[in-house]
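The questions below concern helix packing, sheet order and aromatic pairs in one protein chain. Each answer ends on the item asked for.

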Amino acid sequence: MPRYLNGRMSSANLKSELRAIVGEQGMLEGAAVRERAGTLFHGHIDADLLVRPRSTEQVSAVLRLCHSRAQPVVTHGGLTGLVNGADANRDDIVLSLEAMNAIERIDVLGRSLRVQAGVKLGQAQRAAEEHGLVFPLDLGARDSATVGGNISTNAGGLRVVRYGMMRNLVLGVEAVLADGTVLTSLNRMLKNNAGYDLKQLFIGSEGTLGVVTRAELKLVSRTRSQETLLASLPSFEALVDLLGRLDAGLGGQLAAFEALWGNYYDFNTSPPAQNAAPLARGAPFYAIAETLGGDPESDRARLESVLGEALEAGVVSDVTIANSETERRAIWDIREDVWQVKNIAPLLTFDVSLPIENMKEYSEEVCESVRAFAGDNRAFVFGHMADGNLHLVIAAGDDAATRARVEDIVYRPLAAIGGSVSAEHGIGLEKRAYLPLSRTAAEISTMRLLKNALDPKGILNRGKVFA
């Protein structure tokens, strides 16, 4: 076992052995490690040592050594998570995959892309686009989030209604277990029923079962048309109606459908926000929808026809369709400018999923409960409605007592309606206490069984997901 002094690792021998594996350039110590906490939305990095392996072989050697010493390890990707999944204590070693950032190969005919886990999502997207293909996972943190992090949290993002979660876009992975064992399963086929599909163990398990080092990603052909619209609507029922009309009337072209509660749109299009208001403020609800198709002329005409019928039926109050990339980006910026709410008060962010039929009552209950103790216009709701995923931003303060109160308001009602405390952000440390609201005792027991089998010493992301 390594020696500790006041909780900090003091084993010069362990450091020298790690240095022998990753080299001088592959290590950071002291303040250089802890200052990385500045990139976290919230959380802490108190570790004294960070290693940056450059290959799967080095990751394996690092974990083999740490396993032999029962040394806790926290894996870092792009540090864009929101649930304290990257928090590192004084006794932890941080294993960062930032140096494993190569695009290894692209199979144009088979439509797949092999990347190392430290590749940024945007980098993977651009590599595919150079060959007329698309990696369809997309989210606001595309130029900082890594593919490995997307896999570990089973990221969702903006196009789930069309392409599914990250799990649907991963053909194969290479992962290193806690004891250094390397599982190379870089499958390139859509169909492979030869035994257990082991990659699924590492998708969405937040680095607690193994460290993903490489991945084979599924690509799709680039579409020829893209249309983006912003609509104002008179009611939540109209939102549901519009979603159904677009889905049925566009022949499978709907790629994204985002709902914005009225106060979120109003706040993000009013000073000090820099976003213009393409439509008048004051509507109860707004929707952003995006379509991807094969014929620009006929696709636009079909969309205009569906929207015209919705306007005549009173489903939509007003609508605008982007006529340029600049206009398209301006529409999306309204949705993605989440941090404007910090101008009201320190904020808490939430990511939940629930059946669409329960969204109206649930959001009203949460917003009213927040209003009762924090005042008006402190709860903002938006999100991937078509996926059953809502994001809530609560500007009521972030002290411990307020956090506990707001978390109970947001999470407690989900249990009765079969919702989830995490739609796409994971559990980490922040949601650990609320996991039983979304998973049964038998499910959690089985998760622990897997954890104990693959990481018997509990060194990987210790304390994340469950204690």
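Q: Which residues of helix α9 are buried?
A: The model is predicted, and burial here means under 20% relative accessible area. In α9, the residues that count as buried are D299, L303, V306, L307 and A310.

Q: Over what arc around the axis of α9 do the buried residues lie?
A: The buried residues of α9 are D299, L303, V306, L307 and A310. They are on the same side of α9, because the arc they cover around the axis is only 95 degrees.

Q: Which residues are exposed on the other side of α9?
A: The cover over the buried residues of α9 includes β14 (225–233), α7, β16 (285–293) and β17 (318–321). On the other side of α9, the exposed residues are E297 and E312.

Q: How far apart are the end C-alpha atoms of helix α9?
A: Helix α9 covers residues 296–312, which is 17 residues. At 1.5 Å a residue they should span 24 Å. The distance between the end C-alpha atoms agrees with this: 24 Å.

Q: Which strands stand at the edges of the sheet with the order β7-β8-β12-β10-β11?
A: This open sheet has 5 strands with antiparallel pairing. An edge strand has a single partner, so one side of it is left without a neighbour in the sheet. The strands in that position are β7 (103–107) and β11 (182–185).

Q: Which residue in β12 stands opposite G172?
A: Strands β10 (residues 170–176) and β12 (residues 211–218) run antiparallel and are joined by 6 bridges. The residue of β12 opposite G172 is E216.

Q: At about what angle to β7 does helix α4 run?
A: Helix α4 (residues 121–129) lies across β7 and β8 (112–116). Its angle to β7 is about 40 degrees.

Q: What is the average twist from one strand to the next in the sheet with the order β3-β4-β6-β5?
A: This open sheet of 4 strands has mixed pairing. Its edges are β3 (27–29) and β5 (73–76), each with a single partner strand. From one strand to the next, the twist averages 25 degrees.

Q: Which residue of β4 is the bridge partner of E29?
A: β3 pairs with strand β4 (residues 49–51) over 3 bridges, in the antiparallel sense. In β4, E29 has as its bridge partner L49.

Q: Which helix lies across β4, β5 and β6?
A: Helix α1 (residues 12–22) lies across β3, β4 and β6 (93–96), at about 145 degrees to β3. The helix across β4, β5 and β6 covers residues 56–68 and runs at about 165 degrees to β6. That helix is α3.

Q: How is the aromatic pair of F236 and W261 classed?
A: A search of the whole structure gives 8 aromatic pairs. For F236 and W261, the ring centres are 6.1 Å apart and the planes are at 50 degrees. Planes under 30 degrees apart count as stacked and those over 60 as edge-to-face, so the rest are tilted. The pair is therefore tilted.

Q: Which residue forms one aromatic cluster with F236 and W261?
A: F236 lies in helix α7 (residues 236–249) and W261 in strand β15 (residues 254–261), 25 residues apart. Both F236 and W261 are buried. The cluster they belong to also includes F285.

Q: How many residues apart in sequence are the parts tied together by the pair of Y411 and Y434?
A: Y411 and Y434 form a tilted pair, 4.8 Å centre to centre with 50 degrees between the planes. Y411 is in helix α12 (residues 400–411), and Y434 is in the loop between α12 and α13 (441–454). The parts so tied together are apart by 23 residues.

Note on methods. Residues numbered from 1 in each chain as written. Predicted model: local features only at pLDDT ≥ 70, side-chain atom pairs only at ≥ 80, totals over all residues. Heavy atoms only, no water. Pairing = 2+ DSSP bridges. Helix = DSSP H or I, 4+ residues; strand = E, 2+ residues; numbered from the N terminus. Contact = heavy atoms within 4.5 Å. Axes fitted to C-alpha atoms, helices over the stretch in contact; angles between N-to-C directions. Phe/Tyr/Trp six-rings, centres within 6.5 Å; stacked < 30°, edge-to-face > 60°. Buried < 20%, exposed > 50% of the residue type's maximum accessible area, 1.4 Å probe, protein only. Expected span 1.5 Å × (residues − 1). Arc of directions from axis to C-beta.
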